[in-house]
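Open the model in your viewer and keep the sequence panel visible. The tour below goes from stop to stop, saying what to select and what is there.

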Amino acid sequence: MTEARGSAAPPARHTPGTPCWVSLMVHGMAATREFYGSLFGWEFVPGPQHLGPYVRALLDGQEVAGIGQLPPDRHLPVAWTPYLSSDDIDLTAETVRLCGGTVGVGPLDAGDAGRLVIGSDPAGAVFGVWQAAAHLGTSVAGVPGTPAWHELLTFETVSVAKFYETVFGYEEEPVVSADFDYVTLHAGGRPVAGLHGVGHTLPRDRGPHWMTYFEVADATAAIRLLTDLGGHVLRPPHDSPHGRVATVADPEGARFALIENPR
């Protein structure tokens with residue numbers, strides 16, 4: 001993880017390429033809402049039903065994330081998926097295909113909220129694309145319970161970074177190190193996401209995947225609460241240059257990270 005910083009509310013309309021939303025598709029909506037509501041203090045309101053039952057999570061009345069219901073006959077991985085902003089989603093979808101990625105869903109309309117695509121990069125990591133209309137995306141940042149950073153865990157960064165740079169117009173900032181394969185993606189002159197090449201240490205049951213970091217006030221306390229709620233600790237809280245970080249999973253197995261930023 002690199003510069004995960006969210007000290008101010010994001011702009012009204014997100015710069016293209018910026019993670020603007022994060023969404024989770026699950027089997028048990030009621031239990032999942034109870035888990036994240038208790039963990040992060042989220043409340044929920046109905047969202048667009050274009051892919052089935054869906055709710056938006058609110059923190060103090062501001063939109064943070066989405067949770068949807070997987071169809072019972074779809075055995076898909078339960079995972080948090082970041083949505084990257086686009087001003088022309090049809091062009092973005094075509095560019096994804098031309099650059100070796102896959103478009104699995106869309107482009108399709110989500111009512112008057114906007115248009116979406118769900119795709120995957122050439123290594124297989126799933127991501128979303130969002131072209132905003134009425135729904136601009138996450139509207140609060142920099143406080144506990146909000147997404148703080150998005151990081152792709154993949155085999156190696158060189159070819160994958162080229163894909164994301166071409167599709168979304170990112171500028172790259174590689175870490176110059178013989179034993180640390182990391183690239184920070186910049187959009188609009190600021191860091192917005194990271195790519196971490198970890199070789200064959202990727203979980204065999206997951207492969208390349210995006211990881212969302214959620215900010216918490218106290219990582220140790222958040223871990224205690226998470227386990228009490230039925231979540232799992234995959235890597236206990238540890239100090240990093242950017243704060244205390246823990247890797248965890250919810251009761252259905254969706255992986256995410258908790259970060260306590262240094263004050």
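Two strands count as paired if DSSP finds at least two bridges between them. Helices (H or I, at least four residues) and strands (E, at least two) are DSSP runs, numbered from the N terminus. This is a predicted model, in which local features need pLDDT of at least 70 and side-chain atom pairs count only at pLDDT 80 or more, while totals for chains, interfaces and linings use all residues. Residues are numbered from 1 along each chain as its sequence is written, and side-chain values use heavy atoms, with hydrogens and water left out.

**Stop 1: strand β8**

Select residues 126-132, which make up strand β8. Of its 7 residues, 5 are buried, where buried means under 20% relative accessible area, exposed over 50%, and partly exposed in between (1.4 Å probe, protein chains only). Add strand β5 (residues 80-85): β5 and β8 run parallel and are joined by 3 bridges. Within this pair, L84 has V129 of β8 as its bridge partner.

Now add strand β7 (residues 114-120), which pairs with β8 in the antiparallel sense over 7 bridges. G114 has A132 in β8 as its bridge partner. The hairpin of β7 and β8 has 5 residues between the strands, and G124 there takes a positive phi near 105°.

Is I118 of β7 buried, partly exposed or exposed? With a relative accessible area of 21%, I118 is partly exposed. Its contacts (heavy atoms within 4.5 Å), not counting residues up to four places away in sequence, include L51, Y83, V103 and F127. I118 and Y83 are 35 residues apart along the chain, and their C-alpha atoms are separated by 8.4 Å.

**Stop 2: strand β3 and its partners**

Select β3 (54-59). How many of the 6 residues of β3 are buried? The count is 6 of 6. Y54, R56 and L58 point one way from the strand, and V55, A57 and L59 point the other way. In a regular strand the side chains alternate between the two faces of the sheet.

Strand β2 (residues 43-46) pairs with β3 in the antiparallel sense over 4 bridges, with A57 of β3 as the bridge partner of F44. β4 (62-69) also pairs with β3 in the antiparallel sense, over 6 bridges. There, L58 stands opposite E63 of β4. In the hairpin of β3 and β4, with 2 residues between the strands, D60 takes a positive phi near 55°.

From Y54, go to S23 in strand β1 (residues 19-26). S23 counts as buried because its relative accessibility is 5%. The side chains of S23 and Y54 are joined by a polar contact of 2.8 Å. A polar contact is a pair of N or O atoms within 3.5 Å; within protein, one must be able to donate a hydrogen and the other to accept it, and residues adjacent in sequence count only if both atoms are side-chain atoms.

**Stop 3: the cores**

A nonpolar core is a set of buried Ala, Val, Leu, Ile, Met, Phe, Trp, Tyr and Cys residues joined through side-chain atoms within 4.5 Å. Select Y36, F40, W42, I67, W80 and F256: of the 31 residues in the largest nonpolar core, these touch the most other members. α1 supplies the largest share of this core, 5 residues. Apart from this core lies another, of 24 residues, among them A93, A125, F127 and Y170.

**Stop 4: helix α4**

Select residues 219-228, helix α4, where A219, A222, I223 and L226 are buried. Seen down the helix axis, the buried residues fall within an arc of 100° (taken from the directions from the axis to the C-beta atoms), so they line one face of α4. On the other side of α4, R224 and D228 are exposed. The elements covering the buried residues include α1 (29-40), β14 (232-240), β15 (243-249) and β16 (255-260).

At the start of α4, a side-chain oxygen of D218 reaches to within 3.0 Å of the backbone nitrogen of T220. After the helix comes G230, with a positive phi near 100°.

**Stop 5: the open sheet**

Last, select the 8 strands of an open sheet, in the order β10-β11-β12-β9-β13-β16-β15-β14, with mixed pairing. Its edge strands are β10 (171-174) and β14, each pairing on one side only.
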